[in-house]
Amino acid sequence: MYEEDIEHALRARKYNAIRADERELTNAITYDTDEIIKRRPCFGYSEEFIGELQEHDISVCDPDGNSDENWTFTLPPMY
């Protein structure tokens with residue numbers, strides 16, 4: 001009886017968590033001066049968001065491809 005409501009709530013929860021992680025990273029990009037941003041592997045990002053970062057010359061290394069198991073974002077140099 002409640003199965004669909006619970007499934008919808010869980011999907012919405014995951015979506016909102018990913019959006020919050022993306023907003024936090026966007027904010028970090030705005031104020032970063034080191035050109036490298038690291039985030040814990042528990043953070044999540046949508047494929048669309050990762051694609052947009054890469055289109056703007058931000059290098060993305062996911063936790064699986066990183067020796068320290070963190071997300072690593074390398075920003076383009078400031079001009």
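The structure holds 4 aromatic pairs, and these make a welcoming place to begin. In one of them, the ring centres of Y45 and W71 lie 5.0 Å apart with the planes at 90°, so this pair is edge-to-face. The pair links distant parts of the chain, with Y45 in the loop between β1 and α2 and W71 in strand β3 (residues 71-74), 26 residues apart. Both Y45 and W71 are buried. Y45 also forms an aromatic pair with F73, again edge-to-face, with 5.4 Å from centre to centre and 85° between the planes. Because Y45 sits in the loop between β1 and α2 while F73 belongs to strand β3, this second pair ties together parts that are 28 residues apart in sequence. The relative accessible area of Y45 is 10%, under the 20% cut-off, so Y45 counts as buried. F73 is likewise buried, at 0% relative accessibility. Taken together, ring pairs link Y45, F49, W71 and F73 into a cluster.

It helps to step back to the whole chain here. The model is a predicted one, with a mean pLDDT of 93 for the protein chain and 100% of its residues at 70 or more. Among the elements of the chain, confidence is lowest in strand β1 (residues 36-39), at a mean of 94, and highest in helix α2 (residues 47-55), at 97.

The protein chain has 2 helices and 3 strands, and read from the N terminus these elements follow the order α-β-α-β-β. The radius of gyration is 15 Å, well over the 12 Å that the globule rule gives for 79 residues, so the chain is more spread out than a compact globule. Along the principal axes, the C-alpha atoms fill a box of roughly 55 × 25 × 20 Å. The accessible surface comes to about 6200 Å², and carbon and sulfur atoms account for 51% of that surface. Of the 79 residues in the chain, 28% are buried. Among contacts with a separation of 6 or more, 49% join residues that are 24 or more positions apart.

The interior can now be followed from the aromatic residues outward. The largest nonpolar core has 13 residues, and those with the most contacts inside it are L25, Y45, I50, L53, W71 and F73. Two or more residues of this core come from each of α1 (3-31), α2 and β3. Helix α2 gives the largest share, 3 residues. L53 offers a handy view of the surroundings: beyond its neighbours within four places in sequence, L53 is in contact with L25, I29, I58, V60 and F73. Two of the names in that list, L25 and F73, also appear among the core residues with the most contacts.

Two loop residues deserve a look of their own. E35 lies in the loop between α1 and β1 and has a positive phi of about 75° although it is not a glycine. The relative accessible area of E35 is 33%, which falls between the 20% and 50% cut-offs, so E35 is partly exposed.

D57 provides a second example, in the loop between α2 and β2 (59-61). D57 is not a glycine either, and its phi is positive, near 65°. With a relative accessible area of 60%, over the 50% cut-off, D57 is exposed. Leaving aside neighbours within four places in sequence, D57 is in contact with T74, L75 and P76. T74 falls within the residue range of strand β3 (residues 71-74). D57 and M78 are 21 residues apart in sequence, and their C-alpha atoms are 12 Å apart in space.

In short, the rings of Y45, F49, W71 and F73 are linked into a cluster, and Y45, W71 and F73 are also among the residues with the most contacts inside the largest nonpolar core.

How values were computed
Residues numbered from 1 in each chain as written. Predicted model: local features only at pLDDT ≥ 70, side-chain atom pairs only at ≥ 80, totals over all residues. Heavy atoms only, no water. pLDDT = per-residue confidence, 0-100. Helix = DSSP H or I, 4+ residues; strand = E, 2+ residues; numbered from the N terminus. Buried < 20%, exposed > 50% of the residue type's maximum accessible area, 1.4 Å probe, protein only. Contact = heavy atoms within 4.5 Å. Phe/Tyr/Trp six-rings, centres within 6.5 Å; stacked < 30°, edge-to-face > 60°. Rg over C-alpha atoms; globule rule 2.2 N^0.38 Å. Areas by Shrake-Rupley, 256 points an atom, 1.4 Å probe, with all protein chains shown as cover. Core = buried A, V, L, I, M, F, W, Y, C linked by side-chain atoms within 4.5 Å.
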